[in-house]
Amino acid sequence: MKKKTVHLFGALLASAVALSGCAGTSNEEYVFKNAGFEQGTLSGWTAEGGAFTSACVYNQSEDEQGNPYYKEGEFFLYGGAAPEGSVGTLTSEPFKLKGNGRIGFLIGAGSDASKCYVAVCDTDGNELIRRGNDDYGTAGFYDSLHRVVIDASEYLGKEIVIKVVDSDSGSGMHNYINVDDFIVNYQGAEDVVSKTFVADKYIEENMGSVVTQYRHTYHAMPPVGWMNDPNGFSYAFGKYQLFYQFHPYSSAWGPMHWGHYSSEDFIKWELMPTAIGPDTSYDKDGCFSGTAIVKDGELYLMYTSVADGKQTQALAKSSDGVTFEKVGRVIGSDKVPANSSRADFRDPKVFFRGDSYYAVMGSKNNDGDGQLLLYKSADLQNWSYVGTVWKDDRTTMGIYECPDLAVIDGTDVLITSPQGFATGGWRYENVHSAIYMTGSLDTQSGQFARVTEDEIDSGFDFYAPQTLTAPDGRVIMIAWMQMWDRTMPTQAHGWAGAATLPRELTLKDGKLYQAPVREIEKYRKNEVNVTEASISGEQSFDGVEGTKTELCFTLDVGDAAQAGVKVFCGTEHETRIYYDRESGLVIFDRSDMGTRISGSAKELNASKRSVKAEVRDNKIEFRIFLDVSSCEVFLNGGERTMTGNVYSDPSDTGIRFFAEGGSARILSLYKYDIVVE
Ligand code: FRU
């Protein structure tokens with residue numbers, strides 16, 4: 001029989017179970033003769049028909065594509081090694097069923113569970129209980145083994161045999177059965193077969209092979225594979241919880257899972273098991289973005305469930321912050337207002353106000369206008385449509401994605417990510433943007449009365465921000481530190497995408513200010529301070545260098561035409577962040593970083609971004625965070641920010657200040673290494 005492998009990726013690792021050799025006290029597990037095929041032969045087993053031959057006692061660990069079988073020990077029974085279409089049985093020696101009567105074993109392949117299965121039989125060979133590979137076809141489970149259990153306790157004390165049956169004479173995929181590691185009086189559980197289980201095994205196996213060159217040291221990023229939007233950013237179970245759009249199996253976007261990190265301080269992120277994956281009929285094409293809320297001590301994830309071209313909203317919940325169980329679909333297509341798209345209806349932001357839950361949704365009406373819709377619920381399960389929060393025709397390439405609603409000092413701040421806003425001067429230079437509007441949301445009509453509006457970040461890589469309110473009242477925002485339709489050099493390294501530094505939000509006169517979370521200051525090391533220096537041409541300072549670095553200084557622009565700082569500098573590369581007198585803009589120029597990035601046609605230039613920065617008293621304040629391949633710039637106490645990825649060489653650790661066409665001064669310069677161990 002030809003070996004047929006249709007794995008999309010390596011599957012799972014059968015759970016390792018401590019195995020004791022022989023019968024003893026009641027909770028000791030035991031085995032019958034050659035129960036794990038470790039003799040390397042079929043000794044102890046009787047084969048009838050041609051489905052199980054000595055060639056089936058297999059010692060390979062993985063198939064030709066590198067997909068692991070997840071066998072226990074050296075050998076397992078690989079039905080695929082027998083001739084195509086052969087049928088037969090393999091029967092163990094008789095043994096007396098003892099202990100708890102549970103028989104655990106590993107099973108794989110067997111696409112038709114009614115034809116390929118394991119049976120517990122009496123000594124005449126009459127089948128008492130059957131178990132096939134019920135999980136065949138779930139995620140990567142084809143040839144790979146996983147643990148199942150037969151509860152035969154009603155036959156305790158009886159003489160029984162185990163019979164492995166292959167009665168599938170067809171030529172379909174995996175029309176044979178793989179088994180291994182029979183354990184009697186089995187104490188453990190069955191493997192939970194789900195997309196998240198498979199994903200976690202894949203992560204465990206593959207995270208070590210990600211190329212580290214551009215990996216950040218104090219930003220959340222996928223352990224392996226692809227990340228886009230932050231999701232479910234919340235405080236629960238005594239920690240900050242960060243989920244994200246995650247495709248573990250490649251560094252490109254794919255069927256979306258929710259990856260999960262948790263943290264006590266926003267800086268050190270602990271990798272948690274993957275929270276949810278696309279494994280139900282209503283979310284089989286992806287678990288898209290959404291948010292989280294705590295209700296009755298449980299954390300609810302409200303996300304967009306995608307199936308068959310429709311976007312609906314679903315819930316999953318957790319009572320421990322580790323494992324999540326799906327609750328079901330809660331907003332179906334029937335609740336989409338008549339004039340709106342069912343295909344573009346996503347990214348619920350769930351919040352509680354007054355005595356109700358609300359969800360703001362990203363959407364588009366049938367005229368192609370981007371809009372945000374409001375829904376209301378008493379219990380998170382039953383939702384009704386309230387009205388249109390916001391609508392306009394500026395989203396030229398889609399919808400308003402990823403809405404968020406924060407309350408800062410009593411003011412509603414609506415945050416959203418419009419697709420394809422037209423570039424206007426220095427604003428909206430990326431293909432898609434992230435904006436905020438201050439104002440007030442009327443939960444009766446659903447309408448938002450806008451007072452102010454602006455772009456949130458004017459760099460290259462900032463999208464789909466979300467907020468949480470911390471227990472101390474701070475509103476913290478985090479965003480995806482990448483952009484759609486860009487070349488991403490780390491894709492060749494087995495990963496892509498990261499989250500920005502979480503930022504504290506405040507409002508002054510309707511203007512949003514962003515400061516990196518104060519917790520980052522705990523990780524400062526090796527302070528270097530320069531009180532004042534005049535700059536003309538280029539200048540560096542002793543000890544001021546590095547790529548995992550915080551840099552704070554005030555620039556007195558003097559009479560220079562251009563003045564600022566160059567980071568990630570080496571003999572051939574540099575990235576400039578500087579004030580340009582003529583335009584009155586601060587410019588982030590990565591065109592000489594050493595790597596070419598190209599973006600969508602809408603982006604005139606994927607190498608240069610600018611922002612209008614206020615020059616007060618001839619000065620601009622800079623606070624810059626470098627993290628191996630990222631650079632986040634906060635200007636004038638967070639009045640403006642610019643975030644971008646920078647891909648230079650590991651040796652490009654230099655930091656130099658410069659002034660051209662005149663001189664400038666650097667005041668109160670502090671440099672810290674940011675060290676997260
Ligand atoms: C935004 C977005 C969301 C969607 C998700 C899918 O980046 O397009 O609207 O839910 O990504 O991964």
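**Exercise 1.** Find how strand E24 is joined to strand E25, and place both in their sheet.

*Solution.*
Step 1. Start with the pair. E24 and strand E25 (residues 411-418) run antiparallel and are joined by seven bridges. The model is predicted.

Step 2. Pick one facing pair. Ala406 stands opposite Val413 in E25.

Step 3. Extend to the sheet. It is open and has four strands, in the order E24-E25-E26-E27, with antiparallel pairing.

Step 4. Look at the edges. Strand E24 (400-408) and strand E27 (448-455) each have a single partner strand, so one side of each lacks a neighbour in the sheet.

Step 5. Add the twist. From one strand to the next, it averages 25°.

**Exercise 2.** Which strands each supply at least two residues of the shell around the ligand?

*Solution.*
Step 1. List the strands. They are E12 (225-236), E16 (286-295), E20 (340-353) and E24.

Step 2. Count the shell. The ligand is surrounded by 13 residues; the closest are Asp229, Gln245, Arg346, Asp347 and Glu401.

Step 3. Sort the shell by character. Six residues are nonpolar, three polar and four charged.

**Exercise 3.** Describe the polar contacts of the ligand with Gln245, Ser289 and Glu401, then its burial.

*Solution.*
Step 1. Take the side chains. An N or O atom in the side chain of Gln245 is 2.7 Å from an oxygen atom of the ligand. For a polar side-chain atom of Glu401, the distance to a ligand oxygen atom is 2.7 Å.

Step 2. Turn to the backbone. A polar backbone atom of Ser289 lies 3.1 Å from an oxygen atom of the ligand.

Step 3. Finish with area. The ligand taken alone exposes 310 Å², and the protein buries 95% of that.

Conventions
Residues are numbered from 1 along each chain as its sequence is written. This is a predicted model: local features need pLDDT of at least 70, side-chain atom pairs count only at pLDDT 80 or more; totals for chains, interfaces and linings use all residues. Side-chain values use heavy atoms; hydrogens and water are left out. Two strands pair if DSSP finds at least two bridges between them. Axes are lines fitted to C-alpha atoms, for helices over the stretch in contact, and angles run from 0 to 180 degrees between N-to-C directions. A residue is near a molecule or strand if one of its heavy atoms lies within 4 Å of it. A polar contact is a pair of N or O atoms within 3.5 Å; within protein, one must be able to donate a hydrogen and the other to accept it, and residues adjacent in sequence count only if both atoms are side-chain atoms. Accessible areas come from the Shrake-Rupley method with a 1.4 Å probe; for residues, only the protein chains shown count as cover. Ala, Val, Leu, Ile, Met, Phe, Trp, Tyr, Cys and Pro count as nonpolar, Asp, Glu, Lys and Arg as charged, and the others, Gly among them, as polar.
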